[in-house]
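User: I would like to go through one helix and the nonpolar packing of this structure. Please keep the answers short.

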Amino acid sequence: MTGTVSAEIPVSADSRPRHVAIIMDGNNRWAKARRLKGVAGHRAGVDAVRAVVETCAREGVEVLTLFAFSSENWRRPKDEVSALMTLFLFALEREVRKLHRNDICLRIIGDRSAFSPALQEHMEAAEELTRNNARMTLVIAANYGGHWDITQATRQVAEKVRVGQLAPSDITDDLIQQHLSIGDLPMPDLMIRTAGEQRVSNFMLWQLAYTELYFSPVYWPDFQEEEMRKALQAYAGRQRRFGQTDDQIAAKAIQQ
């Protein structure tokens, strides 16, 4: 799924989100509540990922973005980070062929330079295998941060100005949008965060400008099909105004 995506304010929305973004939170607390090590929560979280991917695909969601590992997560204990990297590699090896069989395209965004060569190689292979799949795009944000995304986009634009490909007056919202990690995909319509936290934590800062937010008290490993459907139902019940009045929205509905 590629093309030109505008950064302008949308004017309308469907009851079903085209793009769902999720901050998967609560794996450690889920494990702690069961007197287990933190990595057990991350392993259980993989099952939730599978359930959410399957639900979104069945519901016709075009893009699902999952915040798997933030640029701040390197600050966690070394043994937990090491276990997460091992789990990430294992999940890539085990799940990518399932994604391929189900016509799902996998894209991974973030700064890959900090990952091991073996993990980077598996990332590239997984993306290449699923590149032409069209049912849904699954985006995994790994070593990702919203500040990093905007910074790398502006560096690319600045370099084009430096070599004379662009003039400063050519720089627009749409131009910056095109240089973001997934600038060719629709902006998120719905952002979900689990485990009761109510902040965006440096996730897709540019892209979340007009996104509906949904906060669930459920820890991520327990966020299965039923919880995903609740979030989609909550979104369907909201009226997205995009700066317009209720009367304007009602008038457009009548015209349609």
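User: How far does helix 5 reach from its first C-alpha to its last?

Analyst: This is a predicted model, where local features need pLDDT of at least 70, side-chain atom pairs count only at pLDDT 80 or more, and totals for chains, interfaces and linings use all residues. Residues are numbered from 1 along each chain as its sequence is written, and side-chain values use heavy atoms, without hydrogens and water. Helices are DSSP runs of H or I with at least four residues, strands are E runs of at least two, and both are numbered from the N terminus. Helix 5 spans residues 146–162, 17 residues in total, and the expected span at 1.5 Å times one less than that number is 24 Å; its reach is close to this, at 24 Å.

User: Within what arc do the buried residues of helix 5 fall?

Analyst: Buried means under 20% relative accessible area, exposed over 50%, and partly exposed in between (1.4 Å probe, protein chains only). The buried residues are Gly146, Asp149, Gln152, Ala153 and Val157. Taking directions from the helix axis to the C-beta atoms, these buried residues line one face of helix 5 because they fall within an arc of 145°.

User: Which exposed residues does the face of helix 5 turned away from its buried side carry?

Analyst: The buried side is covered by elements including strand 4 (136–144) and helix 6 (173–178), with contact meaning heavy atoms within 4.5 Å. The face turned away from that side carries the exposed residues His147, Arg155 and Arg162.
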